[in-house]
Amino acid sequence: MFKNITLAFLILFLYACRTENVETDNLLKELSQSNVSYGTDPKQAMDIYLPAGRKTSETPFLVLIHGGGWTSGDRSDFKSIVDTIKTRLPGYAIFNISYRL
């Protein structure tokens, strides 16, 4: 299980660090993707929220991992929190992940 979580953080880090054409950075629109797989188990999925006007070299991000003591819960528990973060921190990318229980 530790390998899968480490893999998830590595994927998130690489995704956040990828480079794009600097001329188009200011044209990027808000993007939301649901159920993006980061592992082989169907429970290893995440929702990604990328802010409008983001720059790949400067966009801060948050990784949300639900509680539940590795026995219960799901990323959907954070739906209202994600909406609040998007309102209060509009320039942040958000990665809301689920893991195998």
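This report describes the fold, the nonpolar cores, the salt bridges and several buried polar residues of a predicted protein model.

## Overall architecture

The protein contains two helices and four strands, and these follow one another along the sequence in the order α-β-β-β-α-β. The chain has 101 residues, of which 29% are buried. Contacts across the sequence are well represented: among those between residues at least 6 apart, 68% join residues at least 24 apart. The accessible surface comes to about 6500 Å², and carbon and sulfur atoms account for 59% of that area.

## Nonpolar cores

Eight residues form the largest nonpolar core, namely Tyr38, Met46, Ile48, Leu50, Ala93, Phe95, Ile97 and Tyr99. Two elements, β2 (45-50) and β4 (93-97), each give two or more residues to this core. A second core, separate from it, has six residues, among them Leu64, Phe78, Val82 and Ile94.

## Salt bridges

The structure holds three salt bridges. In general terms, side chains of opposite charge can pair when their charged atoms come close. The table lists the three pairs with the separation of their nitrogen and oxygen atoms.

| Pair | N to O separation |
|---|---|
| Lys86 and Glu30 | 3.6 Å |
| Asp47 and Arg75 | 3.1 Å |
| Lys79 and Asp83 | 3.4 Å |

The salt bridge between Lys86 and Glu30 links distant parts of the chain, with Lys86 in helix α2 (residues 79-88), Glu30 in the loop between α1 (2-17) and β1, and the two positions 56 residues apart in sequence. Lys86 is partly exposed, because its relative accessibility is 28%.

The salt bridge between Asp47 and Arg75 also connects distant parts of the chain: Asp47 belongs to strand β2, Arg75 to the loop between β3 (61-65) and α2, and the partners are 28 residues apart. Asp47 counts as buried because its relative accessible area is 11%, and Arg75 counts as buried because its value is 9%.

The third pair is local. Lys79 and Asp83 both lie in helix α2 and are four residues apart, about one turn of the helix. Lys79 has a relative accessibility of 47% and is therefore partly exposed; Asp83, with a relative accessible area of 33%, is likewise partly exposed.

## Buried polar residues around Arg75

Which residues does His66 contact, leaving aside its neighbours within four places in sequence? The partners are Ser72, Gly73, Asp74, Arg75, Phe78, Ile97, Ser98, Tyr99 and Leu101. His66 lies in the loop between β3 and α2 and is buried, because its relative accessibility is 4%. Its C-alpha atom is 7.6 Å from that of Ile97, although 31 residues separate His66 and Ile97 in sequence. Ile97 is also one of the residues of the largest nonpolar core.

Ser98 is found in the segment after β4. Its relative accessibility is 2%, so Ser98 counts as buried. The side chain of Ser98 makes a polar contact of 3.3 Å with the side chain of Asp74. Beyond its neighbours within four places in sequence, Ser98 is in contact with Tyr38, Lys43, Gln44, Ala45, His66, Asp74 and Arg75.

Asn96 is placed in strand β4. With a relative accessible area of 2%, Asn96 is therefore buried. Its side chain reaches the backbone oxygen of Arg75 at 3.0 Å. Apart from neighbours within four places in sequence, Asn96 contacts Ala45, Met46, Asp47, Leu64, Arg75, Phe78 and Val82. Among these partners of Asn96, Met46 belongs to the largest nonpolar core, whereas Leu64, Phe78 and Val82 belong to the second core.

Arg75 thus appears among the contacts of His66, of Ser98 and of Asn96, and it also forms the salt bridge with Asp47.

## A backbone feature in strand β1

Asn35 has a positive phi of about 55°, although it is not a glycine. The residue is located in strand β1 (residues 31-37). Is Asn35 buried or exposed? Asn35 counts as exposed, because its relative accessibility is 54% and the cut-off for exposed is over 50%.

How values were computed:
Residues numbered from 1 in each chain as written. Predicted model: local features only at pLDDT ≥ 70, side-chain atom pairs only at ≥ 80, totals over all residues. Heavy atoms only, no water. Core = buried A, V, L, I, M, F, W, Y, C linked by side-chain atoms within 4.5 Å. Buried < 20%, exposed > 50% of the residue type's maximum accessible area, 1.4 Å probe, protein only. Salt bridge = Lys/Arg side-chain N within 4 Å of Asp/Glu carboxyl O. Contact = heavy atoms within 4.5 Å. Areas by Shrake-Rupley, 256 points an atom, 1.4 Å probe, with all protein chains shown as cover. Polar contact = N/O pair within 3.5 Å; in protein donor to acceptor, adjacent residues only side chain to side chain.
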